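Colleague: Got a few minutes to go through this model with me? I'd like to start with the helix packing.

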Amino acid sequence: MKLQLIALLPLAGFLVNGLVGRRLGRAFVSLVGCGLPILSFALAVASFRELSAGGAPLVEIAYTWAAFGGQPFEIAFQFDRLSAVMTLIVTGIGSLIHVYSTGYMKDDPGYARYFAYLNLFLFFMLLLVLGKSLLVLFTGWEGVGLASYLLIGFWFEDADKARAGKKAFITNRVGDAGFLLGMFLLYEAVGTLDMQAINAAFASASPPAVSASLVGLLLFIGACGKSAQIPLHVWLPDAMAGPTPVSALIHAATMVTAGVYMTARLSPIYMLAPEASQAIAAVGAATAFFAATIAIAQTDIKKVLAYSTISQLGFMFVAIGVGAYGVAIFHLYTHAFFKACLFLGAGSVIHAMSGEQDVRKMGGLARRIPVTFATFAIATAAIAGIPPLAGFFSKDEILWFALSSAHGGSAVLFAVASLTALLTAFYMFRLLWLTFFGAPRMSKETAHHVHESPASMTGVLVLLAVGSAVGGFVSIPHYLEPMFALPPVKEGLDSLEKPVVYLSVAIALIGLAGAWHVFGDLRRAESMRTRFAAIYSVLAAKYYVDELYDTLLARPLTWISKHVFLDFGDRALLDGTLDGMARLARRTAGVLARVQTGQLQLYLLLALAGIVGALWWMSHV
Amino acid sequence: MDKTHLLVLVGGLLFSIGLAGVVVRRNALVMLMCMELMLNGVNLTLVSFAQRTGTTEGAVLVFLVFVVAGAEIAIAIPILLLLARARKTLDVQAYAELKG
């Protein structure tokens, strides 16, 4: 009952707020909208204690949906160590973001609708992480997509924002197609969608007769869509159109981690598929690197954070690719803290700046909004990997396994990951500098209005900053070791573990110093930009990926839709047939209509002829 | 030739005269009278056969026809009156524009 309640409480919140929230006032909406997720969190903690006491995963079968071929399709929930970590992140950070939203969305006319969507989102995410079978997971997977569409396009009066929501939805659909195909293959090969059974089948001595690489790659396409990996990363930066707490919820703590969670959950498949694992590591590394380079040239505070999210997700997939699943979840966990803190901090900055998001028009905010600054700085240091903050531990482990894992670690992977870590430190401190230091560059009026956010917002920021600072001391890989054994280290590399740690600290500090050097004096930044103008314009345009997709996919599709389906299919074929039939009827009727002259005698004559004809016909046939 | 045969023949004759009148004549009033003639031709046939077979259905049906004919005339005459007042003629050709 407990597990079901964890998922169902937010659903209840969605129903209450969605149906009657508008009439019941803001205090009530806030109470329901925040109270139920917090209750969910409490239940998750209780379940976690139960799990720790008993050791065996908790399983609840809520409902048998269908049964055929001797195989029941159940709506069942499972709470093992991995689900526990995910559920605690989702409900914990999710609740904090709900509380923050009460301050951030205070004056929005869609207050009740907003909280309804937020709760719906949480419900689907919990379905995703608690589901025992792929069926439940997929329901949550799709539902999260729907909820993100609703939230990204929350201010749908603005056509651009509605379009961003659509883009997220459609891009995710592409990934979902791959995910579905992978599920079909799995069902055909294993005969069940229960993830325990699938994992057991692949881990057994005689694995199912299906190419694990093919299944793995298909599922990874789905993960690419949700977790914004190349080539399906394009939706995430645009998804910043939603309210900022939504960005924090969707793009830091929950939705984008779904792909990482799913691949980790089905790790036995990837253990058997070195090719798929290599592909994942390569895609992850490439995504991490390219997103990091783009982030350097962005000027919108939320866009920088969006690309850093993509980049960090790339790191997680590198860890997945080299078989260090526990480490990927570890980074997911630390990332949830500092990225939520960064996004919410950015929200607080935007709040203070009267809606301005361009870092070129900020500067010198450190003294004006000290709490936001302090928390933002801690989170920045955490994501950059400065010890002893949370990001340092998880990123260091990823770097180490990228080099040393016997499951596909290599020097190239390590080099790319290290370079990306350097870029991460650089662009994050650049953001910090441009926003909080230097001379104020905003207009007088905006400067006059700068103010610290209310306690509901800063309190959450402080909590998240504390999490970003000390979260790294909870060793998630160790906690998850009963499920995911860490990959063995390659021969002869053991001695390198310490140097890698030093290197990763050095990288973070070099990034910090570099950003300080360049952006401490904006004239220097300007001269660098002019010197590398060509590269800068490519980066600022995000490698023209959107334009490429537009030319290669969107325009041909629009052309085919217009000329083949609309002009030929719809207009010529369908409309033509119907119009032709109508015209035929009208023409033949036109001939007969001439009889209608108004001459009574003619009518009678014709009636008489008709009767005579009918009588003649009856007597002769 | 027995009596029934004769009566049926007369009925048929009345019907035919009425029909011919309706088709040929243009005077609306005459056309109405001819229609009555047709109805009476049918009535005559009905009662003749009713007599012959000794059943009552035919005779009952005649009353029905009377009622319908009365109702018809009750409506037709006022319509005709209005038409005649508007057109100052009883020629049905003049009403052709009523075809709609």
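Colleague: At what angle do α3(A) and α10(A) pack, and how far apart are their axes?

Modeller: This is a predicted model. In it, α3(A) and α10(A) pack at about 170 degrees, and their axes are 9 Å apart. The two helices are therefore roughly antiparallel, since angles over 145 degrees count as such.

Colleague: Which residues in α3(A) and α10(A) meet?

Modeller: From α3(A), A:I89, A:V90, A:I93, A:G94, A:I97, A:Y100, A:S101 and A:Y104. They meet A:T244, A:P245, A:A248, A:L249 and A:A253 in α10(A). The residues of this contact are 10 nonpolar, three polar and no charged.

Colleague: And α15(A), how does that cross α10(A)?

Modeller: The axes of α10(A), residues 244-253, and α15(A), residues 325-352, come within 9 Å and cross at roughly 165 degrees. That pair is therefore also roughly antiparallel, and the crossing is right-handed.

Colleague: Which residues make the contact there?

Modeller: On the α10(A) side, A:T244, A:P245, A:S247, A:A248, A:A252 and A:A253. On the α15(A) side, A:A336, A:K339, A:A340, A:F343, A:L344, A:A346, A:G347 and A:I350. The split is 10 nonpolar, three polar and one charged.

Colleague: Is α10(A) largely enclosed or largely open?

Modeller: Largely enclosed by the rest of the structure, because 10 of its 10 residues are buried. Among the buried ones are A:V246, A:I250 and A:H251.

Colleague: What covers those buried residues?

Modeller: The cover includes α3, α4 (111-130), α5 (134-152), α9 (235-238), α14 (301-321) and α15 of chain A.

Colleague: Switching to the core. How many residues are in the largest nonpolar one, and which touch the most other members?

Modeller: There are 208 residues in that core. A:F121, A:V318, A:A319, A:A328, A:I329, A:A340 and A:A417 touch the most other members. A:A340 also belongs to the contact of α15(A) with α10(A).

Colleague: What does A:F121 touch, not counting residues up to four places away in sequence?

Modeller: A:V144, A:A147, A:S148, A:L151 and A:L249. Of these, A:L249 is in α10(A), where it is buried. Apart from the largest core lies another, of five residues, including B:V22, B:A28, B:M31 and B:C34.

Colleague: Since you mention chain B, how many residues of chain A are in contact with it?

Modeller: Nine residues of chain A, in contact with nine residues of chain B. The chain A side has four nonpolar, five polar and no charged residues.

Colleague: Now backbone oddities. Which peptide bonds are cis?

Modeller: The one from A:I230 to A:P231 is cis, with omega near 5 degrees. Another cis bond joins A:P387 and A:P388, where omega is about 0 degrees.

Colleague: Where are A:P231 and A:P388?

Modeller: A:P231 is in the loop between α8 (212-226) and α9 of chain A. A:P388 is in the loop between α16 (370-384) and α17 (390-404) of chain A.

Colleague: Which non-glycine residues have a positive phi?

Modeller: A:A228 has a phi of about 55 degrees, and A:Y544 has one of about 60 degrees. Most residues other than glycine have a negative phi. A:A228 lies in the loop between α8 and α9 of chain A, while A:Y544 lies in the loop between α24 (533-540) and α25 (545-593).

Colleague: Buried or exposed, those two?

Modeller: A:A228 is buried, with 31 other C-beta atoms within 10 Å. A:Y544 is exposed, with 12.

Technical notes:
Residues numbered from 1 in each chain as written. Chains lettered and ligands numbered in written order. Predicted model: local features only at pLDDT ≥ 70, side-chain atom pairs only at ≥ 80, totals over all residues. Axes fitted to C-alpha atoms, helices over the stretch in contact; angles between N-to-C directions. Helix = DSSP H or I, 4+ residues; strand = E, 2+ residues; numbered from the N terminus. Parallel < 35°, antiparallel > 145°, perpendicular 65-115°, else oblique. Left-handed = near helix turned anticlockwise from the far one by under 90°. Contact = placed C-beta atoms within 7 Å. Nonpolar A, V, L, I, M, F, W, Y, C, P; charged D, E, K, R; others polar. Buried ≥ 20, exposed ≤ 12 C-beta atoms within 10 Å, placed from the backbone. Core = buried A, V, L, I, M, F, W, Y, C linked by C-beta atoms within 7 Å.
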